[in-house]
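Please work through the exercises below with the sequence and the model at hand. Each task is followed by a solution in steps.

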Amino acid sequence: MTITNVGVVGCGLMGSGIVQVAAQAGCQVLFVEANDELVKRGLGRLHETLEGLVGKGKLDAKAWDAAQARIAGTTRLEDLKSCDLVIEAMTENQPLKNETFAKLDRICPPSTILASNTSSCNVTAMAAATRRPGLVLGLHFFNPVPLMKLVEVVRTILTDDAAVETAIEWVRALGKTPVQTKDSTAFIVNRLLVPYLLDAIRVYESGLASLEDIDAAMKLGCGYPMGPGDVRGVSGASLRAPAVAQAHGHRRTARTEDREGLLPLHRHVATPERTGAGRPPGAAAGPRARAACIAREGCRRRARATCRVGEG
Ligand SMILES: NC(=O)c1ccc[n+]([C@@H]2O[C@H](COP(=O)([O-])OP(=O)(O)OC[C@H]3O[C@@H](n4cnc5c(N)ncnc54)[C@H](O)[C@@H]3O)[C@@H](O)[C@H]2O)c1
């Protein structure tokens, strides 16, 4: 089966990237958002991104027009009724995803492949919510979607070979590289990456080295293009508590305080300089903002003046 009509449910960070790469690859793409305001926001974000690519000379104006013309947004899941493939990229919430898969199953033709971009929810549970478990799989893109080449194609024990082959072919048509994995917490990349990042935190917390030296050590000593601190900054939004806690709990007999301490510490490691978000580079949070953050997050770096979170 050739995929030409694609539906994307959720047009946030990942969904908008998936909409963009699918439209640029020539698919008609319809995304669904929770309300009109969010549909407008999604279209605006896509417009800006494509315009930015034209500005940088990475996309010509004609290709921009064509890609834009292939993208539409709606608030009605029912509008996905003519899609060959629907990719769910909603908030990470298992019951919400299961419920959405059950609805999509009722709306879409029996041949439509239903995929989830989840990082940590159970794809098999989503498949079980439908009457077409053979056509349900995971398509795990990485952030930022237009730049990251990898897509993990996740099969459950119920997924048909033909659905996996179609998905792999489509991923290749997007110019990306598919790897196959079974449905299991954190799949391949996060299964390996999360313990590595946790160990990097422990090395830092034990006072063995500064964050900068840990990054330099792994870049120069192992040939990694980024150190663990840089990776955490770039993938900040993806390392949400459920994904981390699940992978962590799955692999290790983790101490409770490790799990509880992880997110606050992550917020401090993922500084605005690393994430590029919020505060301009170099502007450290003031003492009041740091105090508010420490009170809110229970940060272990309370004695340090280097905290730059200061969201308060
Ligand atoms: N952020 C990452 O780096 C990353 C990487 C790989 C996979 N993922 C996975 O991708 C999915 C989305 O993550 P994200 O970072 O884009 O989140 P996000 O919060 O940026 O986007 C989620 C979107 O879903 C929309 N949404 C929520 N309920 C909806 C509903 N009922 N109908 C339609 N839209 C709805 C929200 O309005 C929001 O725009 C999650 O499953 C996450 O695990 C995230």
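The exercises concern a predicted model and proceed from its overall make-up to the sheet, a crossover unit and the core.

**Exercise 1. Overall make-up**

Determine how many helices and strands the protein has, and what percentage of its residues is buried.

Solution. The secondary structure comprises 13 helices and eight strands. Of the 312 residues in the protein, 40% are buried. Among contacts with a separation of 6 or more, 64% join residues 24 or more positions apart.

**Exercise 2. The sheet**

Establish the order of the strands in the sheet and identify which strands stand at its edges.

Solution. Step one is the order: eight strands form an open sheet, E3-E2-E1-E4-E5-E6-E7-E8, with mixed pairing. Step two concerns the edges. Strand E3 (71–74) and E8 each have a single partner strand, so one side of each is left without a neighbour in the sheet. Step three adds the geometry: on average, neighbouring strands are turned by 25° against each other, direction ignored.

**Exercise 3. The E7–E8 pair**

Describe the sense in which E7 and E8 pair, and state which helix joins them in a β-α-β unit.

Solution. Strand E7 (residues 150–155) and strand E8 (residues 177–182) run parallel, paired over six bridges. Two residue pairs illustrate the register: leucine 150 has threonine 177 as its bridge partner in E8, and glutamate 152 has valine 179. Helix H6 (residues 161–173) completes the unit with E7 and E8, and the β-α-β unit is right-handed.

**Exercise 4. The largest nonpolar core**

Locate the largest nonpolar core and explain why it lies between the two domains.

Solution. First, this core has 60 residues, and those with the most contacts inside it are Val8, Ile18, Val19, Val29 and Val86. Helix H1 (residues 13–24) supplies the largest share, six residues. Domain 1 (5–182) and domain 2 (189–278) both contribute residues, so the core lies between them.

Next, consider the placement of H1. The helix lies across strand E1 (5–9), strand E2 (28–32), E3, strand E4 (85–88) and strand E6 (136–141), and runs at about 165° to E2.

Finally, examine the surroundings of valine 29. Apart from neighbours within four places in sequence, valine 29 is in contact with Val6, Val8, Val19, Ala22, Ala23, Arg70 and Ile71.

Conventions. Residues numbered from 1 in each chain as written. Predicted model: local features only at pLDDT ≥ 70, side-chain atom pairs only at ≥ 80, totals over all residues. Core = buried A, V, L, I, M, F, W, Y, C linked by C-beta atoms within 7 Å. Buried ≥ 20, exposed ≤ 12 C-beta atoms within 10 Å, placed from the backbone. Helix = DSSP H or I, 4+ residues; strand = E, 2+ residues; numbered from the N terminus. Domains from an automatic or database assignment. Contact = placed C-beta atoms within 7 Å. Pairing = 2+ DSSP bridges. Right-handed = clockwise from strand over helix to strand, strands pointing away. Axes fitted to C-alpha atoms, helices over the stretch in contact; angles between N-to-C directions.
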